[in-house]
Amino acid sequence: MHHSVVTVPLAAAVAMLYARLAASLVRPGLRRLLALAPVLLLLLKLPFAIPLFSARGMTAFSLVWLGEFKLLLLASGRGPLDPALRPLPFVFTAALPVKLLPRSPDGGAHGAAKTAAALPLLSLGLKIAVWVAIAHLMNSETQMHPYAAFTLYGVFTYCSLDILLPCLAAVGRVLGMELEPPFDRPYLSASLQDFWGRRWNLMASAVLRPAVYGPVRARLGAAAGVLATFLVSGLMHEVVAYYLTFRAPTGQIAAFFLLHGVAVCAEKWCARRCAARPPRVVATPLVWGFVAGTAFWLFLPPIFGNGMDDLMFAEVWTFVAPFADAGERLLRPGHLVSL
């Protein structure tokens, strides 16, 4: 077991406890930002200590992408973090890609009914099975069309996030916290605005809305706010891709998000001038066609191209193979008869 399994989470937890202490002692503004500067610098360094591609990428997403923005919002007195939070919820929400549900006046959490249900075991089991099957297929010598491979990469990425993040939410509930859901059935999106703003990666939306969209919209208008939000998201995804692959950014991922920002603005412009909306049965395939087509073109190649997919799936299969072999042995007819 690599030492980073212990040292990186421990360092992140200690850093976030310091951030909470500093924020409780220093008023929002430049002085608080300077007090948080050591933590901001440390978060940039921590993912480099992790040797595994997938773990390094998720750590960069949690600490460098979301964590840095949460702390910058904290420096200005806004955002999901509050020094008044107890230490455990503060560290949990600062270091992980989760967000606490706001408390209602009666002491409960808004939307608790939506998240109070335990993990949907059937859905989770299906996603785990799909995740393992794709890892096995991509680790084999099977030859397939690049677009078929990219489709599997996209499904694999979604399953990875939608397995890990709800599990983190379940841990939070065990610890007494109610957390917002990370996704809201993105496969039902009826528009790009619906997909990006209300269904996909809601943790990123919760950070970008107060950090980028709100300030830019207040000064330059809604369209500028949308474009700035997508541009910043694209640049941060380029950063995460660098941590994941250690390859120089190509700009393709940023271009993917900027293109979607332009498309969302165009979609909103058309919606204001045309009352008729396509039915969901038509709109949803159009949305996914655009998302998939642009992802095949711009988003997936810098991450999975040039042999990177072989390295990552070989790494994943090294971890998964013992569990898959144990499950296969358990399901053999002879073993079932003996039971």
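**Reading the helices in a predicted model**

H3 has a kink of about 40°, centred on Gly67. Keep in mind that this is a predicted model.

Me: Where is the kink in H3 centred, and what does the end-to-end span of H3 look like?

Reply: The idea is to compare the expected span, 1.5 Å times one less than the number of residues, with the distance between the helix ends. For the 23 residues of H3 that gives 33 Å, and the end C-alpha atoms sit 31 Å apart, which agrees. The kink itself, about 40°, is centred on Gly67. Just past H3, Gly77 has a positive phi of about 80°.

Me: Okay, and how many residues of H3 are buried?

Reply: Buried means under 20% relative accessible area. In H3, 19 of the 23 residues are buried, so the helix is mostly covered.

Me: What about H4: which of its residues are buried, and what do they pack against?

Reply: H4 covers residues 87-95, and 7 of its 9 residues are buried, so the rest of the structure largely encloses it. Those buried residues are Pro89, Phe90, Val91, Phe92, Thr93, Ala94 and Ala95. They pack against H1 (4-25), H3 (53-75) and H7 (146-174).

Me: Now the surface: which residues make the nonpolar patch?

Reply: A residue needs over 30% relative accessible area to join a patch. Here Leu227, Leu231, Leu235, Leu258 and Val262 make a nonpolar patch of about 370 Å². Helices H10 (222-245) and H11 (252-273) each give two or more residues to the patch, with H10 supplying the largest share, 3 residues.

Me: Where is Leu227, and how exposed is it?

Reply: Leu227 is in H10. Its relative accessible area is 31%, so Leu227 counts as partly exposed.

How values were computed: Residues numbered from 1 in each chain as written. Predicted model: local features only at pLDDT ≥ 70, side-chain atom pairs only at ≥ 80, totals over all residues. Heavy atoms only, no water. Patch = residues over 30% accessible without salt bridge, like charges linked within 9 Å, V, L, I, M, F, W, Y side chains within 5 Å. Areas by Shrake-Rupley, 256 points an atom, 1.4 Å probe, with all protein chains shown as cover. Salt bridge = Lys/Arg side-chain N within 4 Å of Asp/Glu carboxyl O. Helix = DSSP H or I, 4+ residues; strand = E, 2+ residues; numbered from the N terminus. Buried < 20%, exposed > 50% of the residue type's maximum accessible area, 1.4 Å probe, protein only. Contact = heavy atoms within 4.5 Å. Bend = angle between axes of the 7 residues up to and from the residue.
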